[in-house]
Amino acid sequence: MIEDPRIQAILASQTMLQTIGASVRAVGKGTVELEAPISEGFKQHNGFGHAGLTFTLGDTAAGGAAMTVLDDQHAVLTSEIGIHLLAPARGDMLIARGKVIKPGRRLIIVTSDVYAVDNGVETHIATLSGTMVPVKMD
């Protein structure tokens, strides 16, 4: 994995990520890996991590991956993204691994896999796939 201060700075500036306590684990060409704790404020009625937390982390990892294939003058917006929830988010941490499937000038196709970590064991809990749109930054 490569260091990418620009991507790390953009992700660190997102207040939603700050709110959920997310951090960047790794950045590579076409990939981003994020993590966030499953804290008490982000659990659903059965005590599992909320699907909204899973979606937020997966969407952001996919968007971050898309930004790694763009120049410094562009970021991305999510055009559409779907989620398949595969298992409950049991444990104390989520890890999202986003990657670019097909880069493009107007559309970037992405996926993200989200894992719950419970006692050091990762369980695949969600898969997201979608489209990011490059936008010029001011």
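Contact here means heavy atoms within 4.5 Å. With that in mind, a good place to begin in this predicted model is Gly63, which has its place in helix H3. Leaving aside neighbours within four places in sequence, Gly63 is in contact with Val76 and Met132. The relative accessible area of Gly63 is 7%, so this glycine is buried, the limit for that label being under 20%. Leu128 lies 65 residues from Gly63 along the chain, and the C-alpha atoms of the two are separated by 11 Å.

Helix H3 also takes part in a helix crossing. The axes of H1, which covers residues 5-12, and H3, which covers residues 51-67, come within 10 Å and cross at roughly 145°. The crossing of these two helices is right-handed. On the H1 side, the contact is made by Arg6, Ile7, Ile10 and Leu11, while H3 contributes Thr60, Gly64 and Met67. Sorted by character, the residues of this contact of H1 with H3 comprise four nonpolar, two polar and one charged.

Attention now turns to the strands, beginning with S3, which spans residues 74-85 and holds Ile83. Ile83 has 30% relative accessibility and therefore counts as partly exposed. Not counting residues up to four places away in sequence, Ile83 touches Thr54, Phe55, Ala126, Thr127 and Leu128. Val117, by comparison, is 34 residues from Ile83 in sequence and 19 Å from it in space, C-alpha to C-alpha.

Strand S6, made up of residues 121-136, is the place of Thr131. This threonine counts as buried because its relative accessibility is 10%. Once neighbours within four places in sequence are set aside, the contacts of Thr131 fall to Leu77, Thr78, Ser79 and Glu80, together with Leu107, Ile108, Ile109 and Val110.

Ala116 is found in strand S5, residues 108-118. Its relative accessibility of 1% is the reason that Ala116 counts as buried. With residues up to four places away in sequence left out, Ala116 touches Ala89, Arg90, Met93 and Leu94, and also Val121, Glu122, Thr123 and Ile125. Ala87 is 29 residues away from Ala116 along the chain, with 9.0 Å between their C-alpha atoms.

The loop between S5 and S6 contains Asn119. The phi angle of Asn119 is near 55°, a positive value in a residue other than glycine. Asn119 has a relative accessible area of 74%, so this loop residue is exposed.

Strand S2, residues 31-37, brings in a charged side chain, that of Glu33. Glu33 is buried, since its relative accessible area is 13%. Apart from residues up to four places away in sequence, Glu33 touches Ser23, Val24, Arg25 and Ala26, as well as Ile95, Ala96 and Arg97. Gly47 sits 14 residues from Glu33 along the chain, and 25 Å separates their C-alpha atoms.

Arg97, one of the residues touched by Glu33, also meets an aromatic ring. The charged end of Arg97 sits over the ring of Tyr115, at 4.9 Å from the ring centre. As for rings paired with one another, a search of the whole structure finds zero aromatic pairs.

Note on methods. Residues numbered from 1 in each chain as written. Predicted model: local features only at pLDDT ≥ 70, side-chain atom pairs only at ≥ 80, totals over all residues. Heavy atoms only, no water. Phe/Tyr/Trp six-rings, centres within 6.5 Å; stacked < 30°, edge-to-face > 60°. Lys NZ or Arg CZ within 6 Å of the ring centre and 35° of its normal. Axes fitted to C-alpha atoms, helices over the stretch in contact; angles between N-to-C directions. Helix = DSSP H or I, 4+ residues; strand = E, 2+ residues; numbered from the N terminus. Left-handed = near helix turned anticlockwise from the far one by under 90°. Buried < 20%, exposed > 50% of the residue type's maximum accessible area, 1.4 Å probe, protein only.
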